[in-house]
Amino acid sequence: AVAVDFYRILLGAIEILERVQEARETWRRRARYLIVDEFQDAAPEEVRLYGLLEPAELVLVGDPNQNIYAFRGTSPRYMLEALGLPGAEAHYLTRSFRSREAVTAAAGALIRHNPDQPPEPLRPCGPGGLFAVRSSSTWEAHTEALVGAARYGLACGTAFEAGSVAVLARTNREVGFAMRALAAAGVPASLLTTDRDWYGLE
């Protein structure tokens, strides 16, 4: 079997639309209304594909402050540039339905240093909340802080309960670091991924 990843599928679609006029006209008729979510993480090839489709109505949804895939060429500038297109309208969603005041205040203090911010600050879903920040320069120091926070929370019995906390990481390698550190510290943890045992952990 031949495996084709998402990037190759994207390049193939672009090549077909650029070379085959009939395919380009067909998909322009079929994709007249296009909604793109998480547009702040659009790669140059994706932006190129949307341009080839030339939809009659294009809705781009995203937050330039949440761009996290710069390592693959994504940039929030595509969203900011889209605002300059003829007929473009901006509608700002400034109400958070998932974060309380402590979190939105901390996020606002950080992102207000970024250029091109929305005219209104992010509003929380309610008062209160708990938020703490700890920075580290290495992944080892980061996992040490993670283990310390987990031990403290479990010992207090009030910060959180086992099974109610999720640890998120950008790569599978970082998940492996976290799982090994928690296992070595005797902190119970479950790995939610595919059926494959990526790290030799149960």
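**View 1. The buried face of helix H3 in this predicted model.** Let us start with helix H3, which runs over residues 44–53. Its buried residues are Glu45, Glu46, Leu49, Tyr50, Leu52 and Leu53. Looking down the axis of H3, you would find these buried residues within an arc of 160°, so they line one face of the helix. Their cover includes helix H1 (6–19), helix H2 (21–30) and strand S1 (33–36). After H3 comes Glu54, with a positive phi near 45°.

**View 2. A close look at Glu46 in helix H3.** Is Glu46 buried or exposed? Glu46 has a relative accessible area of 12%, and buried means under 20%, so this residue of H3 counts as buried. Leaving aside residues up to four places away in sequence, Glu46 touches Leu10, Asp41 and Arg72. One of these partners, Leu10, is itself a buried residue of H1, the helix shown in the next view.

**View 3. The two sides of helix H1.** How far apart are the end C-alpha atoms of H1? They are 20 Å apart, which agrees with the 20 Å that its 14 residues should span at 1.5 Å a residue. Within H1, you can pick out Leu10, Ile14 and Leu17 as buried. These residues cover an arc of only 70° around the axis, which puts them on the same side of H1. A handy rule helps here: an α-helix has 3.6 residues a turn, so residues three or four places apart point the same way. The buried residues of H1 pack against H2 and H3. Turn to the other side of H1, and Arg8, Ile9 and Arg19 are exposed.

**View 4. The second largest pocket and its lining.** About 210 Å³ of space lies in this pocket. Which residues line the second largest pocket? They are Phe39, Val47, Tyr50, Gly51, Glu54, Pro55, Leu58, Leu60, Tyr78, Glu81, Ala82 and Leu85. Two or more residues of the lining come from each of H3, strand S2 (57–60) and helix H4 (77–82). Sorted by class, the lining has nine nonpolar, one polar and two charged residues. You have already met Tyr50 as a buried residue of H3, and Glu54 as the residue that follows H3.

**View 5. Positive phi values at Glu38 and Glu54.** Glu38 is found in the loop between S1 and H3. Its phi is near 55°, a positive value in a residue other than glycine. Glu38 has a relative accessibility of 43%, so it counts as partly exposed. The loop between H3 and S2 holds Glu54. Although Glu54 is not a glycine, its phi is positive too, at about 45°.

**View 6. Thr143 and its contacts in helix H6.** Our last stop is helix H6, made of residues 139–156, where Thr143 lies. With a relative accessible area of 9%, Thr143 is buried. Which residues does Thr143 touch, not counting those up to four places away in sequence? The contacts are Phe177, Ala178 and Ala181. You can also look for Leu182, which is 39 residues from Thr143 along the chain. The C-alpha atoms of Thr143 and Leu182 are separated by 8.2 Å.

Key: Residues are numbered from 1 along each chain as its sequence is written. This is a predicted model: local features need pLDDT of at least 70, side-chain atom pairs count only at pLDDT 80 or more; totals for chains, interfaces and linings use all residues. Side-chain values use heavy atoms; hydrogens and water are left out. Buried means under 20% relative accessible area, exposed over 50%, partly exposed in between (1.4 Å probe, protein chains only). Helices (H or I, at least four residues) and strands (E, at least two) are DSSP runs, numbered from the N terminus. The arc is that of the directions from the helix axis to the C-beta atoms. Contact means heavy atoms within 4.5 Å. The expected span of a helix is 1.5 Å times one less than its number of residues. On a 1 Å grid over the protein atoms alone, a cavity is a set of points where a 1.4 Å probe fits but cannot get out, and a pocket is an open set with protein on both sides within 12 Å along at least five of seven lines; lining residues have an atom within 4 Å of a point. Grid points are joined across faces, edges and corners, and a volume is the space filled by probe spheres set on the points. Ala, Val, Leu, Ile, Met, Phe, Trp, Tyr, Cys and Pro count as nonpolar, Asp, Glu, Lys and Arg as charged, and the others, Gly among them, as polar.
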